[in-house]
Structure formats: C-alpha cells, structure tokens
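Please look over the sequence and the three-dimensional model shown here before reading on. The paragraphs that follow go from charged side-chain pairs to a set of strands and then to a patch on the surface.

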Amino acid sequence: MPSHAVNTNNIDLLIKARWIIPVVPANRVLENCSIAIDKGQIVALAPQEEADRRFIAKETLNLGNQVLIPGLVNAHGHAAMSLLRGYADDQPLHNWLNDHIWPTESRWVSEDFVRDGTELALAEMIKSGTTCFADMYFYPEQAAQTCLDAKIRCQLAFPIFDFPTAWGMGPDDYLSKGLSLHDNFRGNHLINITFGPHAPYTVSDTPLEKIAVLAQEMDIPVHIHLHETLQEVNDSIAQYGRRPSQRLMDLGLLSPLTQCVHMTQIDGLDVKLLQESGAHVIHCPESNLKLASGFCPVDKLLKAGVNVALGTDGAASNNDLDLFSELKTAALLAKAIAGDAAAVDAHTALRMATLNGAKALGLDEIIGSLEVGKAADITAVDLGGLTMQPLYNPASQLVYNHAGQAVTHVWVEGKCLLANRVLLSLNEREILGKANWWRKQISARN
C-alpha cells in the first residue's frame with residue numbers, strides 16, 4: 001500500500017500510549033509516543049509532544065499506561081464451530097472428526113448456524129485483540145456478510161472436498177460456488193476469498209491439480225490442513241508412496257501462495273520442500289496439544305527461513321480463540337521442543353501473531369506492523385493491572401502473561417470496534433442469547 005501523504009495537520013485520530021511495539025523495526029519498544037491516523041491509515045508515529053505540535057485531531061485518545069501493537073492475525077480457524085465449543089472433548093482427531101464433529105455438522109450446519117457461530121467467534125476474537133483472521137468453513141457467504149457487518153478483516157477459504165457436505169456436492173460444485181463468491185468480493189478491502197481444499201486425505205489429485213493451476217492464474221492463496229497427524233503421513237505413504245508435502249509439491253500446489261496448517265509431523269525433506277516452495281506454516285499449538293496431534297518444530301522452521309504464523313483453530317478443538325493465549329503456548333512449546341530457553345523469544349512470538357500472519361495471508365503490505373502507510377489495524381492492551389506488575393519488559397508481559405484479558409481497544413482501518421472492552425460493531429447480549437439457544441437445540445436433539 002503506498003504511503004498516505006500528509007498535506008495538512010488535520011487528522012481523524014491521535015492515540016497516545018505509554019508504549020508502542022511497532023514490530024517493524026524489530027525488537028523495538030517506543031515510549032510515550034503517539035500514532036496519528038487519517039482516512040484509515042497510519043500517517044505518523046511520533047513522540048507525544050511532537051505529535052501534539054504537528055497534528056490537529058478530530059479525536060484524541062490518551063490511553064495512559066497501555067501498549068499499542070499491530071492488531072493480531074489469527075491465521076487459521078473455523079469460526080462457526082464456536083457453537084460446538086466443548087461438544088466433543090478429549091477425543092483423538094480421527095474419532096473426534098468421524099464420530100462426533102462431522103455427524104453433528106451434517107445435522108446442524110446451515111446458513112443460520114454459520115452466521116450465529118461466526119458472530120460469536122468475532123466477538124471473542126475482537127475482545128482478545130484480533131483484527132484479522134483466516135477461516136475455512138461451510139457457507140462462507142454468510143461468514144463474509146457477518147464480517148462486513150462487524151467491520152473486521154478476514155480471509156475466507158471456501159471448503160473443497162471430494163464428497164458432499166452441507167455446502168456442496170463435490171469438487172466442481174465447491175469450486176463453482178467459491179469462485180462466484182470470490183467474484184462478488186473482488187476488490188473488497190476487508191474480505192479476501194481463497195481456496196480451501198480441506199486436506200490431502202479428503203481431496204484427490206485431480207481437483208488439487210485444478211486448484212494449483214487456478215491459484216497461480218488468479219494469484220489467490222490456498223489454505224490447507226497438512227501433516228496434522230502421524231496417521232495422515234503414514235496413510236499417504238501407503239496410498240501414494242509419498243509424504244503429503246511431496247505429493248502436493250508434485251501436484252504444483254506448494255508455492256508462496258500456500259498456507260500449510262498444522263505441520264506437526266516434519267522431517268528434513270518437509271523442511272526442504274517448504275524452503276524451496278516458499279510455502280507458509282500456520283502453527284496451531286493448543287489445538288494440536290488437545291488432540292495429541294504432535295508438535296510443530298517452530299524454532300527449526302524459523303531458523304530455516306520458513307515463515308511461521310499462528311492460528312487458534314476452531315473453538316471446538318481449542319477451546320478458545322484468544323490469540324494471546326496461543327502465542328504464549330507457542331513460545332513455551334518451542335523452547336521445550338528445541339531444548340533452548342532462548343528459542344522463540346517474546347518479540348519473535350509477537351511477530352508470529354502479527355506480521356508473519358499478515359505475510360502468510362498475503363497482506364503484509366497492508367497490515368501486520370505499525371508503519372506509516374499501513375492500515376490502522378491496532379490493538380491496545382492495559383499493562384497497569386496487578387498481574388502485570390512490576391513491569392520491566394512490555395513485550396514479555398504481552399507474551400507470557402494473560403494479555404488477552406487486558407485488551408481494551410481495537411481498531412480496524414481506524415474504526416473502533418472495541419472501546420473500554422465494549423463491543424461497538426456487535427451486540428454481545430444478542431450473541432450470548434443465540435449461543436444459548438443453539439446449545440439447547442443441539443443438546444436436546446443429540
């Protein structure tokens with residue numbers, strides 16, 4: 001995105017805070033500075049006294065003992081599955097899917113289910129600091145409208161399977177509906193529609209090859225579950241004589257457009273393929289831990305130059321959508337796996353949840369860091385609470401404390417979606433009522 005030239009001192013919004021962590025430059029914490037915003041873009045980061053001299057703002061907000069960071073990017077989830085939060089806990093992945101989740105979805109998933117479940121997810125994500133998220137689920141047209149109404153940024157990957165589901169009859173039907181949805185939102189600055197082949201074990205070679213060609217021709221990302229479990233890898237070797245990553249590479253599906261979700265089972269060949277292809281890894285540590293799927297070697301991937309972003313996965317397998325919680329788990333788990341307490345430090349973890357996520361989604365020219373010319377997608381966190389004291393390092397407190405509970409304000413393109421922990425673009429009371437209604441319906445029928 002080109003820089004927004006400042007031709008006048010008049011701006012829309014000036015936000016003052018005790019600290020700013022811009023992510024770019026790396027490892028930097030600014031003190032007693034302001035962010036100047038006009039027409040949805042950041043036009044300056046400056047010391048507060050300098051900002052007061054340079055700008056006349058329609059609105060000035062002094063947040064005192066708070067830190068401003070780029071809005072968090074949740075790079076993988078299934079938003080509507082928030083309505084199944086806690087529904088089938090403590091089950092191995094394949095049992096969880098085949099015996100519980102898929103049968104329940106076949107009975108209940110509808111346009112209303114997706115709309116209400118997505119609203120619940122958006123409320124939770126906004127209140128915990130997320131300003132952009134990636135989603136893969138049925139009826140993405142309903143999710144798109146819900147996101148527009150809530151004024152949040154998103155990437156919606158339309159699902160593709162070999163078999164029928166609530167949203168389609170087979171690969172050609174999914175592609176037809178998804179590409180039509182892409183056309184409907186072409187050029188929309190908040191909604192991005194992408195390909196969502198579910199996984200190598202649910203999509204065969206022919207549609208995967210077709211997706212690979214279309215993705216390159218249209219310059220559209222591909223979002224896919226990959227190497228989620230050891231069973232998936234072993235089954236692929238037995239059926240195709242290749243690991244799933246090699247199969248996707250041979251089909252032309254691994255590229256800088258590819259978002260590989262999970263990647264818990266990785267060997268040297270997989271790392272090499274990720275390096276050569278430029279594909280991104282979306283790490284979902286809490287879901288992987290809960291389903292005992294395995295461990296993504298994040299430190300090894302980062303040192304190999306692979307871009308690693310963070311996702312919560314769906315609330316049915318997490319059970320929350322708090323990306324601050326996810327980045328804490330990611331940092332701690334990376335240290336244990338690497339056997340190195342210095343692995344994935346606080347600034348690296350925060351970058352994974354912001355700029356790395358934006359890069360994976362192809363949005364790093366627009367969001368992911370607090371830089372002049374980028375969209376004003378910003379999260380404010382109160383570091384004045386009891387559990388944050390004493391405060392020596394703001395980045396450390398954000399990563400290793402319960403920062404999601406301390407989010408006070410959220411902006412997307414300079415529009416405030418959360419103010420003093422009150423949702424402004426969603427009705428929290430109505431959302432809670434709908435969630436309770438769905439719980440009663442599903443419990444009674446099941």
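A salt bridge is taken here as a side-chain nitrogen of Lys or Arg within 4 Å of a carboxyl oxygen of Asp or Glu, and by this rule the count comes to 24 salt bridges. The model is predicted, and local features need a pLDDT of at least 70, while side-chain atom pairs count only at pLDDT 80 or more and totals for chains, interfaces and linings use all residues. Residues are numbered from 1 along each chain as its sequence is written, and side-chain values use heavy atoms, with hydrogens and water left out.

Side chains of opposite charge can pair when their charged atoms come close. One such pair is R54 and E50, whose side chains meet in a salt bridge at 3.2 Å from N to O. These two residues are 4 residues apart in helix α1 (residues 48–54), so about one helical turn separates R54 from E50; helices (H or I, at least four residues) and strands (E, at least two) are DSSP runs, numbered from the N terminus. To describe cover, buried means under 20% relative accessible area, exposed over 50%, and partly exposed in between, with a 1.4 Å probe and protein chains only. R54 is partly exposed because its relative accessible area is 34%, and E50 is also partly exposed, at 29%.

A second salt bridge, between K434 and D116, has its closest N and O atoms 3.8 Å apart. This pair links distant parts of the chain, since K434 belongs to helix α16 (residues 428–445) and D116 to helix α3 (residues 111–127), 318 residues apart. K434 is partly exposed, with a relative accessible area of 29%, whereas D116 is buried because its relative accessibility is 9%.

Which parts of the chain does the salt bridge between R153 and E413 tie together? The side chains of R153 and E413 meet at 3.6 Å, N to O. R153 lies in strand β8 (residues 153–160) and E413 in the loop between β15 (407–412) and β16 (415–419), so the pair ties together parts that are 260 residues apart in sequence. R153 is buried, at 2% relative accessibility, and E413 is buried as well, with a relative accessible area of 17%.

Strand β8 deserves a closer look. Of its 8 residues, 8 are buried, and both faces of β8 are covered, with R153, Q155, A157 and P159 on one side and C154, L156, F158 and I160 on the other. Strands pair if DSSP finds at least two bridges between them. Strand β7 (residues 130–136) runs parallel to β8 and is joined to it by 5 bridges, and C132 has R153 as its bridge partner in β8. The chain crosses from β7 through helix α4 (residues 140–150) to β8 in a right-handed β-α-β crossover; right-handed means that, with the strands pointing away from the viewer, the path from the first strand over the helix to the second runs clockwise. On β8 there are also 7 bridges to strand β9 (residues 191–197), again parallel, and P159 has G196 as its bridge partner in β9. From β8 the chain passes through helix α5 (residues 171–184) to β9, and this β-α-β crossover is right-handed.

Turning to the surface, L289, F295 and I337 make a nonpolar patch of about 260 Å². Patches are made of residues with over 30% relative accessible area and no salt bridge, like charges being joined within 9 Å and nonpolar side chains (Val, Leu, Ile, Met, Phe, Trp, Tyr) within 5 Å; accessible areas come from the Shrake-Rupley method with a 1.4 Å probe, and for residues only the protein chains shown count as cover. L289 is found in helix α10 (residues 285–290) and counts as partly exposed because its relative accessibility is 39%.
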